[in-house]
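Dear colleague,

I am passing on the structure that we talked about, and below it I have written out what I found. Please keep it open while you read.

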Amino acid sequence: MKRIPKWLKNIAGSMRDILSTSKTDAALGERNLLLCHWQKKEQLCVLHRAANGETQPIDCSSREVLSEGVERVGRALTVAILPKSEYLVKVIETPQVPTQEVFAMLRLEIEATLPPDTAEVDISYLQLPPSEGKEGRSKFEVYIARDETLQRLTNAMRGMGLEPDMILPSVVAWRGVFADQTETNMLVVELPDDEIETAVSQSDGGCHVRTIETSSLDRQATLPPGVLESIRSLLAHADPDQIQDIAWCGDRELPIDVGSIVQFRHTQKEFANETPGIAMLQLVSSGLGHISTMAMATSGLHLQGQEELRRRTLIMRRFAIGAAALFLGLVLIQTAIEIMIYRSEQVGLEFSERISHIQREGETSENRLTQLKAVAAAKERQNDFQDLLETLYEFTPGGISYSEISMNDEGQISVRGQALSMGEPFLLPNALDGRGPLTRVVVRSAQLSTTSRGTITEFKADMSLKRRGQ
Amino acid sequence: MMRKYLSSLKLNTRQKVMLGITATLVLTAMILENWTFPAYDEWRMQETAVAAQANTYNRLVRNLAIKDRVESQFATIPPEGFRTASDEIMFCDFLKRIEMAAGPLLVKVTPAPAEDEGAFATYQVRILLAGKLQDIVQFVDSLMHGSDVVGMESFSLRAIQGRNMCECTFILWMVRLSEPAGRAAGGNNTVVRDGTRVTM
């Protein structure tokens with residue numbers, strides 16, 4: 001299949017960014033997930049968790065192999081688990097505030113407590129039930145991670161061809177595990193980087209997480225000293241009559257129960273042969289179904305700088321697309337005009353050629369037509385005088401005579417005359433109209449005039465001459 | 001180099017976008033001013049020229065369509081209808097013929113300057129006659145139906161003292177066709193010599 005050009009991919013990516021909805025619409029446990037853990041030894045562990053809860057490790061031996069595995073999985077939400085060693089947890093109680101203002105308020109609180117020279121940090125939070133006696137206040141567990149750490153993790157995953165959709169602090173995952181395994185009081189999770197993470201479920205709903213560095217020497221010991229301290233902490237707040245259940249995630253040999261106070265057990269023995277990273281992700285997977293949508297939305301860490309960069313890239317990409325579209329439009333308009341000019345030139349040349357063939361004869365004919373029209377115009381008026389006099393002579397009623405007749409260049413005739421009685425001039429229209437070349441005969445005025453021989457009527461009349469050629 | 005200069009300005013995203021929009025607008029304006037608008041004007045001029053050519057072509061085609069009829073009509077024009085000498089001589093001959101035809105009726109003659117229309121020339125004259133009506137009618141008839149192509153623009157006739165006497169003012173014009181242009185175009189070597197049209 002032909003490779004898709006990069007610029008087309010960019011446009012498609014931009015359109016996807018614009019059109020995409022939040023990937024965290026559904027609960028985390030109901031999504032097709034890729035759970036990732038990046039180890040400090042620069043090894044990546046990836047576990048596929050299907051929507052039905054089935055899990056399958058994905059080979060991460062090389063980028064190509066990982067890509068093939070990810071392609072087989074299909075579209076999935078990539079969730080990176082951030083170990084406790086990479087973030088801080090702080091519990092903050094505040095007056096009740098609107099949900100949309102919680103993040104800004106917590107950020108202000110956290111920034112106020114950080115030393116001035118602290119690098120850029122990002123925060124996320126989980127709302128806890130209010131403490132006893134403080135029902136009017138809100139309680140939050142805030143997770144603080146440095147941007148640099150998140151950037152490093154994101155870049156490392158990108159280096160393997162994975163783009164993290166969410167970075168989840170491990171404590172959120174352990175809360176899910178405790179919700180899944182209600183009998184468990186403490187989790188001991190072996191991490192691949194000679195680290196152990198312990199999580200203690202507290203009676204007030206809290207979860208206390210510690211990271212314990214273990215050396216190769218400690219590894220041979222059954223119970224590392226740090227873990228023992230965590231157990232002591234568990235027992236300090238526990239009911240003395242109840243046996244405390246400690247779930248161990250790792251491949252160490254379990255210590256014997258201590259005086260029937262503490263009971264050790266391995267989590268998910270079927271994956272005992274898996275690497276510590278995969279075993280840890282298996283444990284995380286079991287608890288994801290118990291993480292609420294709200295917890296998922298607020299507790300996921302986002303790389304602020306990355307978001308800003310992404311936003312900036314999106315703006316610049318949109319601007320570039322707009323500018324490119326504008327220039328493309330201009331080029332199209334210019335091209336269209338050039339084509340029209342070329343077409344007009346061709347049509348003009350064709351007309352010039354046609355005209356050159358007929359110009360001489362056509363102009364001669366036109367010239368002669370003009371001459372004929374001039375002759376016709378003269379001949380048309382040759383008979384005006386005679387025709388007018390003949391018609392007046394023949395059709396003028398008796399008793400009427402004319403003293404003046406004039407005709408202008410438009411053929412309008414006016415006559416003056418005398419009649420024996422006042423009524424006679426008004427016979428003229430009936431007598432002359434339509435006779436010979438005369439039309440539209442109108443008597444303009446008639447008045448009595450006294451002479452030495454009595455009274456006569458003087459009148460004026462207008463008429464039009466219809467020429468023979470018209 | 002441009003990238004280096006821009007990075008040295010240390011602009012934020014908003015400033016970069018504003019700079020980009022400004023640059024795009026300026027570039028667009030320059031393109032429109034220097035290429036698009038002149039090209040559009042040129043296209044409009046071409047269209048106008050083509051429309052004029054189309055009109056000319058259609059006019060010539062129409063003229064060709066009636067060429068035979070025009071030629072047959074043109075052949076009926078008598079040789080005297082053509083201009084064979086200068087306007088002054090033509091006018092002089094015309095006035096002589098008027099003088100001879102009018103005789104004692106002629107009171108006043110006012111010639112107007114000859115008007116050359118290219119394909120023909122017109123010679124206008126205002127004549128004042130006084131006499132009996134039948135003599136005037138006879139004069140008009142002889143002048144109008146003589147060898148010259150003469151038209152009457154207007155007249156004014158009024159009775160004067162004396163039986164059947166009247167005074168009449170005519171404005172007449174004579175047409176003489178420009179033979180050389182027509183003949184050269186038509187291809188007929190026709191000249192008028194001593195009042196006779198000769199085809200060579």
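Which residues in H5(A) meet which residues in H8(A)? Ala173(A), Trp174(A), Gly176(A), Val177(A) and Asp180(A) in H5(A) are in contact (heavy atoms within 4.5 Å) with Met280(A), Leu283(A), Val284(A), Ser286(A) and Gly287(A) in H8(A).

Before going further, please note that this is a predicted model, in which local features need pLDDT of at least 70 and side-chain atom pairs count only at pLDDT 80 or more, while totals for chains, interfaces and linings use all residues. Residues are numbered from 1 along each chain as its sequence is written, chains are lettered from A and ligands numbered from 1 in the order in which they are written, and side-chain values use heavy atoms, with hydrogens and water left out.

The axes (lines fitted to C-alpha atoms, for helices over the stretch in contact, with angles from 0 to 180 degrees between N-to-C directions) of H5(A), residues 170–180, and H8(A) come within 7 Å and cross at roughly 65°.

The largest nonpolar core, a set of buried (under 20% relative accessible area, 1.4 Å probe, protein chains only) Ala, Val, Leu, Ile, Met, Phe, Trp, Tyr and Cys residues joined through side-chain atoms within 4.5 Å, has 55 residues, and Trp174(A) and Leu187(A) are among those with the most contacts inside it. Helix H8(A), residues 276–288, gives the largest share of this core, seven residues. Leu187(A) touches several residues distant by more than four places in sequence, including Trp174(A), Val177(A) and Leu283(A).

In chain A, buried residues make up 43% of the 470 residues.

Best wishes

Definitions and conventions:
Buried < 20%, exposed > 50% of the residue type's maximum accessible area, 1.4 Å probe, protein only. Helix = DSSP H or I, 4+ residues; strand = E, 2+ residues; numbered from the N terminus.
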